[in-house]
Amino acid sequence: MDTHVGDAKPPVTPPAEPPATRAATAPPAHAACVVTLGGDPGPAGPFAGELGGKATRLAELLDAGLPVPPGFCLTTALFEAYLRETGIAAELLAEPSAEPSAGAGAPDPRTVRERILATRMPAPIADVVLDAYGRLGRPRVAVRSSALREDSAAQSFAGQHDTVLDVSGDEEVLKAVLTCWASLFSDRATAYRDTDAPGSIAVVVQEMVHTEVSGVAFTVDPVSARPHRVVVEACQGLGEGLVSGRVSSDFFVVDDRSLDVVEERVRYKVTKCAPLAPGRIGMTKVDAAARNVPCLTHGQLRELAALAVRVRELYGTEQDIEWGLKDGEFHLFQARPVTTRPAAPAGPSGGGNSPYVTPQPDAVRQGTLWSRMDIGEIFVGLMTPLGLSFARYYQRHVHTDCAGALGVRDTGEADLHMGYYQGHVYLNISYSSHLLAQCLPTRDQRHFTARFVSEEVDLAEYTNPFGTFPGGLPDLLSTVHWLRHTAREMTLMKSRSRQMADARLYEFDRARRLDLTRMSRRELHGELERDLGWFHDMHVGYMPYYINAFGFYGLLTELCARWLGSEGDNLQNRVKTDMSSLRTVESAKEVWAVAQAARNSPAVLRIITEEPLESITGLLHEDPDGRVFWERHMEPFLRANGTRGHQEMEITHPRWIDDPSYIFQMIRRYVADGFSIEDILKRSSGWADDSREALNRLPLPKRQVLETVISLYALCSELREATRMSMITSIWLVRNVVYEVGRRLVGQGVLHSLDEVAHLDFEDVRRYLAGEEEATRVFDRARIDSARRLYEHNKRLPEPPLTFIGEHDITAAARPVTGGTRLEGLAAGPGRVVGRARIVEDLVWQADEFEAGEILVASYTDASWTPLFAIAGGVVTDIGSMLSHSSIVAREFNVPSVVNTKHATQRINTGDLIVVDGDAGTVEVLEPAGTGEATEASEVSEATEASEVS
Amino acid sequence: MDILSLAKSVAGRVEAPLTDLRTVTKVLSNPRMPVLLALSKGFVEPVYRAAFLASAAGSGVLAALAVRPCDLDSLAERLGVPAEDRPLLKQWLDMGVKLGDLGRREGCYRLRSLPAKALAQGGNDALAAALEEVLRFHVPALLNGPRMLREGRRFSLDDQDGLVIARSTRVVQPLVEEAISRTLDRTSPVRLLEVGCGSGAYVRYAAGLNPRLSALAIDLQQDVADRAAANMAEWGLTDRVETRQADLRTLDVQPQFDLLTLHNNIYYFPRDERVAALRRAHDLLSPGGKLLLTTSCQGGNIGLEALNLWFGYADFGGPLPHADELTDQLEEAGFRDVEAIRLIPGEQFHAFTGTAKRAVAYA
């Protein structure tokens, strides 16, 4: 037997003799292998075998009088008896010391696992299990593995063995026990085992508590390590949702001396993990009323913090506690010493108060202007470790070439262009404007810098720490270079956009035919490098359109202000260029067309509207009409739009083609409303009368100049949209390879689930594919875990500012005022509208809730939201600018829109009656939710919306 | 002494004093004599020389002498000839002296004739190999044709020395390279599959034109593939080019290729199997991917006809294609926009290109 000194803690009262001695003697009676936790005869009494980490701790907590659901433990001795009596032990002993990797006689863990799952429990063993189950009162139970090495201080083995939730009945319980036993031989348990001997395993059978609220509590802040902070994360439903990272959670900090709540961050919670039917745990929606309110009251938080402190006192070390709340009562499910506490978070993922990735002189570090506004919606928002490391790849290998594509001769140092702050990507505005001074239009840095001004920063005091670009010869050379480059760009821009569009279809078709699962590691490496090469080209090709649209728009604003004065206010917004070919708008039309096709086929319509989202694709393929529909409508739609998603630089987000749920949601929405999208699009054609007149009053030369600028702006916007799809598709290609690696890692047991791909470092993925190193060496478990913690930490911090100078201390930043009903932002789409607000946090889960005419309130939007714009009465976002896709599309759909309100999603509630003034840039709450009769309408078919947790 | 040698010795002695005028007169008055002389000067000697030069080039003798004149011992050592066989080597070398291709001064052999000097240059290795190919493959086909037919014998792949073929096909290297440079995208990342990669020279050429190209290079013959892999390592291309022994017809890889090339090897496929092979090539391309096939076609010079004859007598492969026939076969295999380009007017060397079918796009 292995020695697990320090791993498996002995029970509170140590047994009379060490387990090892007993295991060597005659087999114990089976009854002695079942221990009632916290009961009599409890672990204090005589029993055989070991309890394993989890059961030991639960017993200790129960003995200390802490609220743990009742249960019993099947010790390792029972498992060993099972192995002995079924003959599996003999098979294992056949080659006990052989290396599993050496092949030959060593039993393959897979075979052992299958053997266990297929071998019924001998009656004497089953009897004692069911006996104990009977004594428990035969309730619904959770059956969990309690491994010997689990919960060791050195390595967190959390989640490497199985748990079966919500089972009841003799058969099911026995089956669940076998599943847990077999998991000792699971891939993920073997991948990280230090030695080859699997050891043994105990199992806990515990009453299942269907908690209404669950979460974790840390007796010490696991990331920032500030003292006296009990950190609580809470989500709706079962705690499994939180562990998998699939639901959003509230965040609280309680002072462990006064038990006062010192920090509280409530997030909009759309989904939860809950029993869908007896024995079926899955994802479902949170009731509308519970979405925007804290999961726990202050009184409950005090109670929970007090429990946490008691657990800490019991063990004398900091603890990480899993808890749940049901009917006002707290239950503890697990307590572990806090194992991972990243010392000083560094690198792109977080850490420090400066976004710089390399050390900089004080003057530069403290004087740099940073912004994440207008750096493309693809970067906006908090990113996962994978997303950030991919952004870092972009920075190292692509960004300076993008600058070169703008005609910048000296493209500078890659490390200075971008920075990272609390999981967000920032553009170094100081450095960029310093370099962009080489281009004539942005010779005066203010032209570039001014775009990033917001009331958060005062530019009066700002001077660029990089200074002006050196004059003399370098300046002259740069100007000549820019002129030549720009002349070339003007002649090439149309043909390049066509080439990019062709190349996109080619790469898309190619990728569609490849079965990555059948490619060798070397081939995958080739694929990734190819995709990255293409990713480079598409970004570099796209950038000029992006910046030119930006530039012409700026020029237009300036000319309007200068020549038209007050009449020119917002003329640029009212300039209705014919952008009906804008791809983003087109995508809404195409969703509409697909919805029409679905409506024309009863079988298809039934599947899409009545079946659970995740089964629709499969069912359509099984149905003859469905297949026709898929081939004739879905496939072409996906070819044109499928690589869209939200925040596309974030590789973890599935694209429409990876998960068409959102498309089905939009089809449901469009079909249900039965309105014509043409009605909306019709409104957007032609000039707004008054602005046309204002333009007409100008002298001819000025009018011509303005019209030219308008048409150039329109052209660049159009080309930008077309080429943006190529860029987006290139990211999808990279994503495909990364997720194939992820699937292989899950298969090898290196990752617990595909969700963990989010915590990988992109460079590790490249390194793994490029070489022949063992996956477990490349993907270090401790690093994955600490990346996850840092991400969770960043997630619960307030959004960092869009723009700031120098360094930022999020903990010192002022909290947003919670009162008040008026918000100011940027006027992005003209017009004034009154309507009920709907906060949309999760596009996929909420798309079908959105009622036509409601006002869409979101933290930010991007191209993937376009289909919702088509039916929205107005659009309000926390962040964004005049040139965000959301603004462009809002103007196109003639939807009044205010962006960059900063706090709209926190200050406005779903159901509030609000007025959006898209000319003045203000949003006001007229009547809070509940006073009217608006809100509850949407929670119609929650049961059918549920989707299974894998 | 056979009659040919007699005639030769007579011819060699014309300047010698006419000691036995009677004999000479008698011999010369033989009506067959002019034919014999013509045979000797016009046919036999060139054959001997060609054989000697091919062997001298292939064995490395020419290369050694190109550096500096060598004596027998150093040559023997270089060629790995055991001491007891040195007299035989000397005999062989002296034959070269007699044929005029080598010279000998102060016990050292040196290059003498123009062809010997030319073939000794590294850049002309392909020509040397072509000469070797002629002697080792074309000549046996001519020599043994009727006998093979009578005995029901055929050439097999083993009768071909893959390395020699790989070297010799490089005679058309400039043409193939021209075809590659016309077809290959220079800037995008390209995934290339080269079928029948030979020495790997064309993959190297393509990799040089497009620094982002990566390739899988396959050859049917293990020794050829091994050599190509060694070449890739020498050229520093191992990271970008994977080389292995494989048959196009059974190669199991995903349709990942943007370009598939078949240089000078379509005739290794029997005529009636070409469509199937090309279809397989088509299916390994990504939709819209390109095929480049180079080959000599029928109707060319006498050397090509001899090659054609050899393949006619082989139990694998088939005749050189007719340009029209191959165009049709490419179309039948699913290729679109098939084109056949003659790279040099009047020559039967063609480059065929075609595009794999695009995905079906509705609406």
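In chain A, 72% of the contacts with a separation of 6 or more are made by residues 24 or more positions apart. The structure described here is a predicted model. Chain A holds 35 helices and 26 strands, and 58% of its 950 residues are buried. The area that chain A exposes comes to about 36400 Å², with carbon and sulfur atoms supplying 53% of it.

With that outline in place, the interface with chain B is a natural next stop. Here 21 residues of chain A are in contact with 26 residues of chain B. Together the two chains bury about 2000 Å², of which 45% lies on carbon and sulfur atoms. Charged pairs and polar pairs both appear at this interface: 6 salt bridges are found across it, and 15 residue pairs are in polar contact, counting those with both residues at pLDDT 80 or more. On the chain B side, the elements that contribute two or more residues are strand E6 (241–245), strand E7 (257–263) and strand E8 (285–296) of chain B. The largest share comes from E8(B), which gives 5 residues. Sorted by class, the side of chain B that touches chain A comprises 11 nonpolar, 6 polar and 9 charged residues. A salt bridge between chains A and B pairs A:Asp509 with B:Arg358, with 3.4 Å between the closest N and O atoms.

Looking beyond the interface, a search of the whole structure gives 57 salt bridges over all chains. Side chains of opposite charge can pair when their charged atoms come close. Several such pairs within chain A are worth following one by one. A:Arg392 and A:Asp415 form a salt bridge with an N to O distance of 3.1 Å. This pair links distant parts of the chain, 23 residues apart, with A:Arg392 in helix H13 (residues 385–405) and A:Asp415 in helix H14 (residues 414–417) of chain A. The two partners fall into separate accessibility classes: A:Arg392 has a relative accessible area of 10% and is therefore buried, whereas A:Asp415, at 23%, counts as partly exposed.

A second pair joins A:Arg530 to A:Glu507, where the closest N and O atoms are 3.0 Å apart. A:Arg530 belongs to helix H18 (residues 521–564) and A:Glu507 to helix H17 (residues 472–513) of chain A, and the pair links distant parts of the chain, 23 residues apart. Here A:Arg530 is buried, at a relative accessible area of 7%, and A:Glu507 is buried too, at 6% relative accessibility.

A further salt bridge connects A:Glu648 with A:Arg724, with the closest N and O atoms 3.1 Å apart. A:Glu648 sits in the loop between helix H23 (624–641) and helix H24 (661–673) of chain A, while A:Arg724 is part of helix H27 (residues 700–747) of chain A, so this pair ties together parts that are 76 residues apart in sequence. A:Glu648 is buried, with a relative accessible area of 0%, and A:Arg724 is likewise buried, with a relative accessible area of 2%. Salt bridges can also share partners, and in this way A:Lys285, A:Arg291, A:Arg838, A:Glu849 and A:Glu854 are joined into one network.

Terms used: Residues are numbered from 1 along each chain as its sequence is written. Chains are lettered from A and ligands numbered from 1 in the order in which they are written. This is a predicted model: local features need pLDDT of at least 70, side-chain atom pairs count only at pLDDT 80 or more; totals for chains, interfaces and linings use all residues. Side-chain values use heavy atoms; hydrogens and water are left out. Helices (H or I, at least four residues) and strands (E, at least two) are DSSP runs, numbered from the N terminus. Buried means under 20% relative accessible area, exposed over 50%, partly exposed in between (1.4 Å probe, protein chains only). Contact means heavy atoms within 4.5 Å. Accessible areas come from the Shrake-Rupley method with a 1.4 Å probe; for residues, only the protein chains shown count as cover. Buried area is the accessible area (1.4 Å probe) that two parts lose on being put together, summed over both. A salt bridge is a side-chain nitrogen of Lys or Arg within 4 Å of a carboxyl oxygen of Asp or Glu. A polar contact is a pair of N or O atoms within 3.5 Å; within protein, one must be able to donate a hydrogen and the other to accept it, and residues adjacent in sequence count only if both atoms are side-chain atoms. Ala, Val, Leu, Ile, Met, Phe, Trp, Tyr, Cys and Pro count as nonpolar, Asp, Glu, Lys and Arg as charged, and the others, Gly among them, as polar.
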